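User: I am in my first year and still learning to read protein structures. Please pick one small part and look at it closely with me, then show me how the rest of the chain is built.

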Amino acid sequence: MRVLIAEDDAASRKLLRYFIGGLPDYRIVGEATDGEELIHMAATAKPDVVLVDINMPLVNGMEAVKACKELFPWLQVIFITGHDEYALEAFDVKAIDYLLKPIERGRLYAALERAAQMLQSRSEKQSAPKKELMIKQQKNMIFIPLNDIVFIERLERKSLIHTTQQIFETYEALSSLEEYLDDRFIASHRSYIINIKLLTRIEAAGQMYKAYFRDYDKPARISKNKLEEVQAYKVL
């Protein structure tokens, strides 16, 4: 499993390297010393799990994790900090654990094992064939064939599911919906998930890009930092 350390204290980074070095199935793919580096390295090093201190320079660890989660909702997060006031926020970003310093080897190993189990579970779900997306609308449950979904758009507090026939609305978050989609779908922007199989054209539009689809007039958006990933998925 690929591990990224985000910690501005050199002694803490050294201790984490030592602990993780004793685990044969875990490999450190980078070390960030501030929040901006964390966001950049999450995109370039593609870690499975990040070990994050909260009080870091430039952008604090909590805000950096929120930015990372918008781009990579499946990223597993373990907070390692000397302060307990962010514990509730850690729950909101679905962190695996919130470890207070000094770092205890046993708790760190247990948290890493839970992260591995979460990733394994996600992998098994993705490999299982999926045909429909279930969404909740008030007291009803709607089943939408995945083949019909063109893209999903986050607009204010709602997620709009654009299909070839109609648009469905739900209050479920994009990250929650993404868990039930298969590998033809990709988060192209913090507010969009697109069906790569139906993508026919990409056009530059200022600081971002517009995505156009087969037999559908409305475009979705692709952010600048997701363009290469979209292109790579399209040619697979």
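Analyst: Let's start with strand S13 (residues 199-205) and strand S14 (residues 208-213), which run antiparallel and pair over six bridges. A strand here is a DSSP run of type E with at least two residues, a helix is a run of H or I with at least four, and both are numbered from the N terminus. Two strands count as paired when DSSP finds at least two bridges between them. You can find Leu-199 of this pair opposite Phe-213 in S14. Two residues lie between S13 and S14 in this hairpin, and Gly-206 in the turn has a positive phi of about 70°.

Before going on, a word on what you are viewing: it is a predicted model, where local features need pLDDT of at least 70 and side-chain atom pairs count only at pLDDT 80 or more, while totals for chains, interfaces and linings use all residues. Residues are numbered from 1 along each chain as its sequence is written, and side-chain values use heavy atoms, with hydrogens and water left out.

Now look at another hairpin, where three residues link S9 to S10. Strand S9 (residues 158-163) pairs with S10 in the antiparallel sense, over four bridges. Within this pair, His-162 has Ile-167 of S10 as its bridge partner. Strand S10 (residues 167-170) has two faces: Phe-168 and Thr-170 are on the covered one, Ile-167 and Glu-169 on the uncovered one.

Next, the loops. Just before S9, Glu-156 sits in the loop that follows strand S8 (149-155). Its phi is near 55°, a positive value in a residue other than glycine. Glu-156 counts as exposed, with 76% relative accessibility. Here, exposed means over 50% relative accessible area, buried means under 20%, and partly exposed is in between, using a 1.4 Å probe and protein chains only.

Leu-58 gives you another case of a positive phi outside glycine, at about 65°. You will find Leu-58 in the loop between strand S3 (49-52) and helix H3 (61-71), and it is exposed at 65% relative accessible area.

A loop can also hold a special peptide bond: Lys-101 and Pro-102 are joined by a cis one, with omega about 0°. Pro-102 belongs to the loop between strand S5 (97-100) and helix H5 (105-127).

Arg-190 is in the loop between strand S11 (185-189) and strand S12 (192-195). Although Arg-190 is exposed at 57% relative accessibility, it touches Glu-70 and Leu-174, leaving aside residues up to four places away in sequence. A contact means heavy atoms within 4.5 Å. Arg-190 and Leu-174 are 16 residues apart in sequence, and their C-alpha atoms are 8.7 Å apart.

Finally, step back to the whole chain, which has seven helices and 15 strands. Its radius of gyration is 19 Å, which agrees with the value near 18 Å for a compact globule of 236 residues; this radius is taken over C-alpha atoms, and the globule rule is 2.2 Å times the number of residues to the power 0.38. The C-alpha trace spans about 55 × 40 × 35 Å along its principal axes. Of the 236 residues, 45% count as buried. Among contacts with a separation of 6 or more, 53% come from residues 24 or more positions apart.
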